[in-house]
Amino acid sequence: MASIVVSLSPASMADAPSVRHHLKENTKVKTNDSSSFLRGGYGNAFVKSKSFSRFSMVAAVNVSHFEGISMAPPDPILGVSEAFRASTNEMKLNLGVGAYRTEELQPYVLNVVEKAEMLMLERGENKEYLPIEGLAAFNKVTAELLFGVDNPVIKQQRVATVQSLSGTGSLRLAAALIERYFPGAKVLISSPSWGNHKNIFNDARVPWSEYRYYDPKTVGLDFEGMIADIKAAPEGSFILLHGCAHNPTGIDPTPEQWENIADVVQEKNHIPFFDVAYQGFASGSLDADASSVRLFAARGMELMVAQSYSKNLGLYAERIGAINVVCPSADAAARVKSQLKRLARPMYSNPPVHGARIVANVVGEPDLFNEWRKEMEMMAGRIKSVRQKLYDSLTAKDQSGKDWSFILKQIGMFSYTGLNKSQSENMTNKWHVFMTKDGRISLAGLSSAKCEHLADAIIDSFYNVV
Amino acid sequence: MAQRIAIFRRAGASPFGARSASSWWAHVEPAQKDPILGVTEAYLADPTPHKVNVGVGAFRDDNGNPVVLQCVREAERRIVGKLNMEYLPMGGSHKMIDETLRLAYGENSEFIKDKRIAAIQALSGTGACRVFADFQKRFRPDSQIYIPVPTWANHHNIWRDAHVTQKTFHYYHPESRGLDFAAMIDDIKNAPNGSFFLLHACAHNPTGVDPTEEQWKEISNIFKVKGHFPFFDMAYQGFASGDPERDARAIRIFLEDGHAIGIAQSFAKNMGLYGQRVGCLSLVCEDEKRAVAVKSQLQQLARPMYSNPPVHGALLVSIILSDPHLKNLWLKEVKVMADRIIGMRTALRENLEKLGSSLSWEHITKQIGMFCYSGLTAEQVDRLTNEFHIYMTRNGRISMAGVTTKNVEYLANAIHEVTKSS
């Protein structure tokens, strides 16, 4: 008999006896087949009703092929939203959400997206399969958006671009490429980083380790630690960098620091691997937010870039993004693209069309593109203004003279408050501010009307809870 | 091909700066072209006006054009620009999953009522198979997957990339262009108890050869005896016979017999949602608690692949299936598609027989679904392409979706030409 891998946790082992119990009960089965059902062990059907027949829909169950599978751990971020929904307190505030909210704390569909969808419906476009690499029009505009339309890497056709399932899907394809073509090579991930990064590399069987990033003492960047750890990594490692608006800290390197990072990466022959989930959303400027990527590309470095349109175009649920690999030649880019396709085919065959068409329409059409830039400035602007308001409230209320300016220095949707686990729990339990336990708050879920309340909560938690 | 780890050999100046021109990717070879895509590419490049594309794996109307169903257009109109696009849960749209399960398991399925099915929205059939393969690898790492010969080529890629060992079982009988039932049963019997089998629920791809109802019952019986796990790939429910209930017959037989099955469902063909990537992976479990646990594990596999599935297609499916008017419209439209295919099968066979072909073309109408395994050899296929500008895959698979009243005679003539000496 094939062995069953019962799950590793004790909780699931406790469930296993119920299966044996059922099998014991099952001694009086009549079958209309001459072979015996009861072979013992796993892999047998048994019935709860007395007579077996094909007309009994309810009873028979083969329980055992996946017996003993335990419940997966709850997602740390989804749990926050669930708890928020369950709370009945009027003052409750959901700062776990990684999605943009208006001042009224409502989800926001961009005007340009609505317009694009209307256009698409009017045109009556078909729903045929996209090629494995995705919508050509999308791939063209997404690479141009990232690198700039006049960038040499674009003009020389040196970028292998494949439409993928948002940031996650792009990262996963890249991870699969690394696993296949660089067996044993390691990825370095910032400490901390978006929680799913580790899952992606684990499932892709790519080893990873962390480089220092967040300095709790300064609530800022541990630059020396970061440089030291990148230097110490084996030559030819992949360095996962957040292009802008680091998640979860909101702390980005300065332009000078980016230059230093590029120096070290080049020195050690590492491959820079950018995760760009917030282009345009961080500063409000698409070009400014791409400057780190462009800096590396300008040095002639080969790099990988995962893009997502979840936040900057509000296309969260459409799953639209791209993986880009900058190669030294058009020929290399073609080869790499073909191998990315080979990895994508047994994952999902070809990517979903809807989001790709929306992006292609918005980015490819000058009027829509300009309108998009304005909407993005508006969204980024709202985030900046609540940061300012929160900072002002904190500074006004906190008499101790603590420097809260990191709130202003951090960028993007998220802010690392510096609150520890107990303090974060206090935020939730006492103040009904729902956030993740690492002290991260999503400014996207904050309205200016609630800044005072939040400031009170932060000050109380910081000073009165240990 | 040896994988040279070029990263450890850096030498020479680069026109791009300090880096060497021998790049990271020097050892990356071009991937082989997809055999099916290559057919369409060649077809598109051919300037001949009377060319015929019977390689295409998507439905075409009698003018050879792609079709968007009316029910789909109506559903689209209802949601255009209106909805916010917040992330779906990791497991996908609950509403869509519920409706989708009813389609496969039956409107009044006890398994649904008792909440015993662990199900997630998946990236069409491919995505459903892949998450299942990964799940199989994670929780039954010693198991293998038995795959029919032949099968959709991507099945092999999927289980291979999931690192699950593959075995094959006999299926297609070339001499009769039908099912090699005896050999299939033998293989099922000889597999170790508790093996995992991939079964096509209806409209086998690429052969169009399905077991009869009696044969399915026998297969199910032997599966019970052997304790095998049946995983159904159902990509053509409704599209095969025109009746979704009928096309789910094999699955219902297995459920009645007490198997805890798994199913990969796709809406690519039967709702024409190809590019939207909408499907569902489901596994029947012992009870609700198990189903919750299994679903949570399926989600764990999806999270590092794509986080959560795309919403648009899921909305279309749930709107259509939950609105009685739209659902009826869909049922009519899917029957129209199936009927057109069946009509073309009849026409092709009749034309060949009219031409006086001495060969038997019975299999054209016996086979079911989009594809016909014609029995043509690779050389004959090449002749069809080179002399007659008819494009199909070299295994002799004809996509009946590419056959129209306008080209069926031409096609029959050409087939007759290349086969009459055999």
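This is a short chat about a predicted model and the contact between its chains A and B.

Q: Which residues of chain A does the UniProt domain annotation cover?
A: Residues 91-458. The unreviewed entry calls that stretch "Aminotransferase class I/classII large".

Q: How much helix and strand is in there?
A: Over residues 91-458 of chain A, 47% is helix and 14% is strand. The C-alpha atoms at the two ends lie 14 Å apart.

Q: Switching to the interface. How many residues does each chain put into the contact?
A: Chain A gives 106 residues and chain B gives 104.

Q: And what area do they bury?
A: About 9700 Å² between chain B and chain A. Carbon and sulfur atoms account for 57% of that.

Q: How many salt bridges cross the interface?
A: Four, by the rule applied. One salt bridge joins the side chains of A:Arg180 and B:Asp161, with N to O at 3.1 Å.

Q: What about residue pairs in polar contact?
A: The rule finds 27 such pairs across the interface, both residues at pLDDT 80 or more.

Q: Which helices of chain B supply at least two residues to the side touching chain A?
A: Among them are α2 (70-79), α5 (124-139), α6 (153-161) and α11 (288-306). α8 (213-226) and α12 (311-322) also belong in that group.

Q: Which one gives the largest share?
A: α11(B), with 13 residues.

Q: How does that side of chain B divide by residue type?
A: The side touching chain A has 49 nonpolar, 27 polar and 28 charged residues.

Technical notes: Residues are numbered from 1 along each chain as its sequence is written. Chains are lettered from A and ligands numbered from 1 in the order in which they are written. This is a predicted model: local features need pLDDT of at least 70, side-chain atom pairs count only at pLDDT 80 or more; totals for chains, interfaces and linings use all residues. Side-chain values use heavy atoms; hydrogens and water are left out. UniProt positions are given in the numbering used here, feature names are shortened, and annotations may be inferred rather than shown by experiment. Helices (H or I, at least four residues) and strands (E, at least two) are DSSP runs, numbered from the N terminus. Contact means heavy atoms within 4.5 Å. Buried area is the accessible area (1.4 Å probe) that two parts lose on being put together, summed over both. A polar contact is a pair of N or O atoms within 3.5 Å; within protein, one must be able to donate a hydrogen and the other to accept it, and residues adjacent in sequence count only if both atoms are side-chain atoms. Ala, Val, Leu, Ile, Met, Phe, Trp, Tyr, Cys and Pro count as nonpolar, Asp, Glu, Lys and Arg as charged, and the others, Gly among them, as polar.
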